[in-house]
Amino acid sequence: MFGIDRLRALAAVAAHGSIAQAAPALHMTASGVSQQLAKLEREAGHALLEPHGRSVRLTHVGRVLADHAGRVLAQLSAAQSDLADLGHEVLGPLRIGGVGSAVRTLLPDALADLTAAHPRLTPTVVDGEAVDLLPRLLHSELDLLLIESWADRPVPAPAGVTLRTLVREDVRVALSERHPLSDRGTVDLADLAGTPWACCPPGTAPHEALVQALRSRGVEPDIRYLLAEHTTQLALVARNLTAALVPAMSGRHAPPGVRFLDTRPTLRRDIRAAWLTRAESPPVRACVAAVEAHRQATDQDRPKE
């Protein structure tokens, strides 16, 4: 392993042409530079200098190693610059996890703006449910989450995690236009007794919210379709196979033949940003700000009846 100070001495001699001229640039004596180069020769196992008149010059091996030294020192300088910038610059990796509807609706515009404004930012994204994503955040495998929190099943804030609400939206019942109750503006969940349901898998917030909402109206849920994506649920709704609880954000691309009805009781969902408080960084702050800047578009894109 070559010492950095010795590589720096070699690069300086290569740049300035002699030990005597390199010494002032290194803030060293000529004797000190010579000692550094002698140690580097022992580390390299080759002669790096040869006599040249009253001075010395680099051997072929010395020139090869000097080229490598220049690249190593340039990379170290870049690393020092990046570390100095980390306190205020938006750069480096940003590992994001989010529920599908938030990833699909909120992130594309935000990430397009961020990467255009900050070319050294390298975001990565995975989708999933809060029950799976929060442990990855707590273990520092992810930097930022976009997770859902239903009003009657709020996501608890684990110790050391900051939560910020980005979007608050109504949740409505999606029915086929052929369903006998589809012409109502509002439907009591009790009136849907006997209707099959599509929902996200057990353990997820949407599943627990649906079960709790139906049982609060005296209805035991008949959940026949366990599907992670609302878009897939809506495809079955359109064929009059099932009903589904769908947040406004997820209903924006509903297929033909689907109607959205308000519910009694009223149901709501939040999309929240979550990050480790101790690990808040400029990329995290910039991404949250970018998502907030685009949330107005989400409100405007709610599904029309």
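The largest cavity of this structure, which is a predicted model, holds about 50 Å³ of space. A search of the whole structure finds one cavity of 30 Å³ or more.

Around that space, the lining of the largest cavity is made up of Trp 150, Ala 198, Cys 199, Cys 200, Pro 206, Leu 210, His 230, Gln 233 and Leu 245. When these lining residues are sorted by character, seven are nonpolar and two are polar, while none is charged. In terms of secondary structure, at least two lining residues come from each of strand E8 (196-199), helix H8 (205-216) and helix H9 (230-238).

From the empty space we can turn to the packed interior, where the largest nonpolar core comprises 26 residues, with Leu 107, Ile 271 and Cys 287 having the most contacts inside this core. Several elements each contribute at least two residues to this core, namely strands E3 (92-98), E5 (144-150), E6 (161-176) and E12 (267-276), together with helices H5 (100-105), H6 (107-117) and H10 (282-300). Of these, H10 provides the largest share, with six residues.

Leu 107 offers a way to follow the packing residue by residue: leaving aside residues up to four places away in sequence, Leu 107 touches Ile 96, Ala 102, Val 125, Leu 146, Cys 287 and Val 291. Cys 287, one of these partners, is itself among the residues with the most contacts inside the largest core. Apart from this core lies another one, of 20 residues, including Val 173, Leu 189, Ala 205 and Leu 214.

Note on methods:
Residues numbered from 1 in each chain as written. Predicted model: local features only at pLDDT ≥ 70, side-chain atom pairs only at ≥ 80, totals over all residues. Heavy atoms only, no water. 1 Å grid on protein atoms, 1.4 Å probe; cavity = no way out; pocket = protein on both sides within 12 Å on 5 of 7 lines; lining within 4 Å. Points joined across faces, edges and corners; volume = space filled by probe spheres on them. Helix = DSSP H or I, 4+ residues; strand = E, 2+ residues; numbered from the N terminus. Nonpolar A, V, L, I, M, F, W, Y, C, P; charged D, E, K, R; others polar. Core = buried A, V, L, I, M, F, W, Y, C linked by side-chain atoms within 4.5 Å. Buried < 20%, exposed > 50% of the residue type's maximum accessible area, 1.4 Å probe, protein only. Contact = heavy atoms within 4.5 Å.
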